[in-house]
Amino acid sequence: MISVEGLTVRYGTGNGIVEALSDFSIKVADGDIIAVIGPSGCGKSTLLHVLAGIIGGYEGAVLINGRPVNPTEQRIGLILQDYGLLPWKTVYENAVLGLKIKGEASDKTYMKYILDRLGLVDMLDRYPNQLSGGQRQRVAIARSFILKPDLLLMDEPFSALDEITRESMQDLFLDIWRQYRVSTLFVTHSIEEAVYVGRRIVVLTPSPGRVKGEIENPLFGMNDLRLSDDFYHMSMRIRRMLREDEENIDEAQTH
Ligand SMILES: Nc1ncnc2c1ncn2[C@@H]1O[C@H](COP(=O)(O)OP(=O)(O)OP(=O)(O)O)[C@@H](O)[C@H]1O
């Protein structure tokens, strides 16, 4: 269980302090996928950076299985929008980097399965600059899954990809998740992506981010979901939640 309770994060800037998250609370049950969606600058990446142990010095309690965040103790996979691959390492070396940093040997059968499932087996000796965006993202996913993380953090992982590649990556991610059930926080700008990959959807307010609403997504895992009316209606529901805030901001600015 991941538990974030009353998280407030402030950044010091040259001319003052920016509050990125304010009294933010969320729980992620083991093996769940939470899609986090909110307007630009509402603190989504900040939340992931706190959970990854990159940012400290916050207010509130952030616990992974009852213990404070500690990347050396816990296994945390972070997948970024710009893939985070090391350009001087091959696909294979990048894929096993997480394990190497931990000083662990790989489970060969599992690793082969992941590389195969992600279609990377024929390009293990290539370097990142010899890959397409979708292929690079698959290497980043392989790296995180090979690590067998306790917690997977995905920060707009597919946003740089074209629509078709993006959809196939969403399906691939869900297929692998179904087998290994890693607890996942999936940050996205895309309402449709949140509805497709989120078993629960958490909508944030504009900056500083708090939880505006949480939706238990009854459509999660439905066959041909993208083509269904329900998908459209759920997307509209979330769009309305996000719009309300924009309208409130516009109104406040005109008064
Ligand atoms: N290192 C930093 N120093 C100062 N302010 C920062 C820093 N990082 C983020 N911020 C500010 O904190 C707020 C939250 O930023 P964050 O990147 O977490 O939002 P986000 O929801 O991920 O944004 P986006 O959707 O645009 O990627 C923003 O106002 C941002 O300008």
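**Exercise 1. Determine which residues threonine 90 touches, not counting residues up to four places away in sequence, and state where threonine 90 lies.**

Solution. Threonine 90 touches Leu124, Asp125, Arg126 and Tyr127, once residues up to four places away in sequence are left out. Two residues are in contact if their C-beta atoms, placed from the backbone, lie within 7 Å.

The model is a predicted one, in which local features need pLDDT of at least 70 and side-chain atom pairs count only at pLDDT 80 or more, while totals for chains, interfaces and linings use all residues. Residues are numbered from 1 along each chain as its sequence is written.

Next, the position: threonine 90 lies in the loop between strand 6 and helix 2. Helices (H or I, at least four residues) and strands (E, at least two) are DSSP runs, numbered from the N terminus.

Then, the surroundings: threonine 90 has 16 other C-beta atoms within 10 Å and is therefore partly exposed. A residue is buried if 20 or more other C-beta atoms lie within 10 Å of its own, exposed if 12 or fewer, and partly exposed in between, with C-beta atoms placed from the backbone.

Finally, a distance: 78 residues along the chain lie between the positions of threonine 90 and glycine 12, and their C-alpha atoms are separated by 38 Å.

**Exercise 2. Describe the open sheet of 4 strands by its strand order and its pairing.**

Solution. Begin with strand 1 and strand 2, which run antiparallel and are joined by 9 bridges. Two strands pair if DSSP finds at least two bridges between them. These two strands form a hairpin with 2 residues between them. Within the pair, valine 9 stands opposite leucine 21 in strand 2, and glycine 12 stands opposite isoleucine 17 in strand 2.

Continue with strand 4 (residues 59-64), which is joined to strand 1 by 5 bridges and runs antiparallel to it. Here valine 4 stands opposite valine 62 in strand 4.

The order of the sheet is 2-1-4-5, with antiparallel pairing. Strand 2 and strand 5 (67-68) stand at the edges with a single partner strand each, so one side of each is left without a neighbour in the sheet.

**Exercise 3. Describe how strand 9 and strand 10 are paired.**

Solution. Strand 9 (residues 200-204) pairs with strand 10 (residues 211-216) in the antiparallel sense, over 5 bridges. The two form a hairpin with 6 residues between them. Leucine 204 stands opposite valine 211 in strand 10.

**Exercise 4. Decide whether helix 5 is largely enclosed by the rest of the structure, and name its packing partners.**

Solution. First, the length: helix 5 (residues 133-146) has 14 residues and reaches 20 Å from its first C-alpha to its last, close to the 20 Å expected at 1.5 Å a residue. The expected span is 1.5 Å times one less than the number of residues.

Second, the burial: helix 5 is largely enclosed by the rest of the structure, because 11 of its 14 residues are buried. Among them are Arg136, Val139, Ile141 and Phe145.

Third, the partners: the buried residues of helix 5 pack against strand 6 (76-79), helix 2 (91-95), helix 3 (97-102), helix 4 (108-117), strand 7 (151-155) and helix 6 (163-180).

Fourth, what follows the helix: lysine 148, just after helix 5, takes a positive phi of about 50 degrees. Tyrosine 180 is 32 residues from lysine 148 in sequence and 8.4 Å from it in space, C-alpha to C-alpha. Tyrosine 180 belongs to helix 6 and counts as partly exposed because it has 13 C-beta neighbours inside 10 Å.

**Exercise 5. Characterise the shell around the ligand.**

Solution. The ligand is surrounded by 14 residues, of which the closest are Tyr11, Ser40, Lys44, Ser45 and Thr46. A residue is near a molecule if its C-beta atom, placed from the backbone, lies within 6 Å of it.

By element, strand 1 (2-13), strand 2 (16-28) and helix 1 (44-51) each supply at least two residues of the shell. Helix 1 gives the most, with 3 residues.

By character, the shell divides into 4 nonpolar, 9 polar and 1 charged. Ala, Val, Leu, Ile, Met, Phe, Trp, Tyr, Cys and Pro count as nonpolar, Asp, Glu, Lys and Arg as charged, and the others, Gly among them, as polar.

**Exercise 6. State how many helices and strands the protein chain has, and what share of its residues count as buried.**

Solution. The protein chain has 8 helices and 10 strands. Of its 255 residues, 35% count as buried.
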